[in-house]
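Here is my note on the model you sent. The points are numbered so that you can reply to each in turn.

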Amino acid sequence: MSRGTGVSRRFAGVAVAAGLAAAAVAGCDADGGDAWDDDEDAPSSVAEAAARPHLNWGECPALAEGATRDPRLTCATVRVPLDYRHADGEKIEIAVSKLPASGHGKRRGVLVLNPGGPALPGLDTPGVMAPTLPASVLDAYDLVGFDPRGVEHSAPLSCGLDDPSVAGLFPYPAADGSITANVDHARADARKCASAEGEKIGYFTTANTARDLDRVREALGEQKISYWGQSYGTYLGAVYESLFPKRADRVILEGNVDPTKVWAGAAESWGKGMSERFPDAAAVAAAQDATLGLGSTVDEVTQAYVALADRLDRTPAPVPGTPQSLSGSLFRSVTYSLLLHNETLPVLAQFWKAVADLADGAPTEADAAVLGQVFAAPPATPGVPSDNQATMFLALTCGDAQWSHDVDDYTDRVAADREKWPLTAGMPVNIWACAFWPKPVEKPVTVTDKGPRNTLILQNRRDNATPWDDGVGLHRVLGNRAAFVGADNGGHYVYGAGSACVDEATVAFLTEGTLPHDDVNCADVRR
């Protein structure tokens, strides 16, 4: 799980502040089948073919102020059931976008893109992704994006949360390790969602999003679709190819979720993931000790960071010119977001220095510029509730799988986790609104090694959002269905992040269908 942040690039394509303002039966397909074979379903009659959904392409929804869009992009909607167990009941509309293949006679099909989140919008992802891809891929595929159900322009949900940011959901304990306030906050958020959206919110799950994706495939008139998912999108992709293995062509999963850990186990992995990634940023700060004064070694910078976070837990620092007070929780959330990209590590080091000065009551003009960049309010998307991503983050993480309701167990685990992983202060195992959520409408989809060998896993060695161990775990589950390409790199993005080895393997798979026989370790990352 992650919230795309940092510089404008690739799937995320959003500002630093955006990351702070946000961060059928299981195992069977929607038609009730659970076996895989190579034969494709065909319409049994002309009438059945005519009844399939179709897309009327036209203008895309209005953008947030100042945002830009690839002018070639067109949009449409697909009507899908709210509840696939009652397919003739209430319908919702899924917003879809398309950037056509280059038209040089080499088209293979469609490549559906999902930027993760959970709950990031995806309509503009094709336009963001296209400049990073070679002509051979752009010739072969229509790039297709979509807003998943409940997100932005696809029947957006809102719980009416007091804090509309995803970062506000992350449950950092009090300075003394107490979780009493977290329990109260989690219970209140669960009640707000139950009051605002009722039982309907239970149908906004990853499994139903995967079923929506197959309705999109059908509307596109494609027998199969290729798919590229990043972060949370890797879980969506794994669920899709488990529910619809006959319909998945070439699948890329980048920055991966272990499907056996959804979702409490995925959050629990953040402590170790942070410990693996943090030294990359600490080294950047240590190299500038003469100007930053945070320490001359990785260990010294790390100790200074933990001490500063603890200090802010006890005494938050007001941010001049804003209504914000910078707490230890917000300080850690900004750090988490800026660690997702190698390009933002220098900004992160400057941010730490600015916060240290702020806590001392003596911020400089340069500090103010850094803080202003980080806390700039992102523009709102017209017609989208301010808490939409936070609402859908809860809907997915709480609705996909059941969480423990044992408050005492959370208390004990937080105490142990704070000691083991001081950088994350016990947050990853703390109590979420999911502890007070209704029982999910279905069990998590079982992802297995049953199916064609058609998946490429891309994973960085030092990823604080979806750690290395989770990528290895996904590979273990998929078995011979997938090839694994690991990069000796930090951050959340693998393709286009400085490794020709990674990029060549990715393009070869998309254009030629070539998968490496053995695991690949890419050690050529440009620093």
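1. Start with Phe 331. In this predicted model, its contacts beyond four places in sequence are Tyr 305, Leu 308, Ala 309 and Leu 312, together with Leu 326, Phe 351, Trp 352 and Val 355. Keep this residue on screen for the next point.

2. Phe 331 belongs to the largest nonpolar core, a set of 121 residues. Phe 331 is among the residues with the most contacts inside that core, along with Phe 170, Leu 326, Phe 351 and Trp 352. Which helix gives the core its largest share? Helix α13, residues 345-359, supplies nine residues. A second core stands separate from this one and has 32 residues, including Cys 60, Leu 123, Tyr 141 and Tyr 495.

3. Next, helix α6. This helix runs over residues 206-220, which makes 15 residues. At 1.5 Å a residue the expected span is 21 Å, and the end C-alpha atoms are 21 Å apart, so the two agree. Is α6 enclosed or open to the outside? Of its 15 residues, 13 are buried, so the rest of the structure largely encloses the helix. Gly 221 follows α6 and has a positive phi, near 75°.

4. The largest cavity holds about 70 Å³ of space. Its lining includes Thr 205, Thr 206, Ala 207, Tyr 235 and Val 239. Gly 399, Asp 400, Glu 442, Lys 443, Pro 444 and Val 445 also line this cavity. Which elements give two or more residues to the lining? They are α6 and α7, the latter covering 232-243.

5. Two cis peptide bonds deserve a look. One runs from Gly 117 to Pro 118, with omega near 0°. Pro 118 sits in the loop between β3 (109-114) and α3 (125-129). The other runs from Val 262 to Trp 263, with omega near -15°. Trp 263 is in the loop that links β6 (248-254) and α8 (264-268).

6. Check the backbone at Glu 152. Its phi is near 50°, a positive value in a residue other than glycine. Glu 152 lies in the loop between β4 (141-146) and α5 (180-197). Buried or exposed? With a relative accessible area of 17%, under the 20% cut-off, Glu 152 counts as buried.

7. Ala 425 is another non-glycine residue with positive phi, here near 60°. Its loop lies between α16 (407-420) and β9 (455-462). Relative accessibility is 7%, so Ala 425 counts as buried.

8. Pro 378 is placed in the loop between α14 (365-374) and α15 (388-399). Because its relative accessibility is 33%, Pro 378 counts as partly exposed. How far is its C-alpha atom from that of Glu 65? The separation is 9.2 Å, although the two residues are 313 apart along the chain.

9. Last, confidence. The protein averages a pLDDT of 91, and 90% of the residues score at least 70. Over residues 3-50, however, the pLDDT is below 50. That stretch still has 131 contacts in the model beyond near neighbours in sequence.

Notes: Residues are numbered from 1 along each chain as its sequence is written. This is a predicted model: local features need pLDDT of at least 70, side-chain atom pairs count only at pLDDT 80 or more; totals for chains, interfaces and linings use all residues. Side-chain values use heavy atoms; hydrogens and water are left out. Helices (H or I, at least four residues) and strands (E, at least two) are DSSP runs, numbered from the N terminus. The expected span of a helix is 1.5 Å times one less than its number of residues. Buried means under 20% relative accessible area, exposed over 50%, partly exposed in between (1.4 Å probe, protein chains only). pLDDT is the predictor's confidence in each residue, from 0 to 100. Contact means heavy atoms within 4.5 Å. A nonpolar core is a set of buried Ala, Val, Leu, Ile, Met, Phe, Trp, Tyr and Cys residues joined through side-chain atoms within 4.5 Å. On a 1 Å grid over the protein atoms alone, a cavity is a set of points where a 1.4 Å probe fits but cannot get out, and a pocket is an open set with protein on both sides within 12 Å along at least five of seven lines; lining residues have an atom within 4 Å of a point. Grid points are joined across faces, edges and corners, and a volume is the space filled by probe spheres set on the points.
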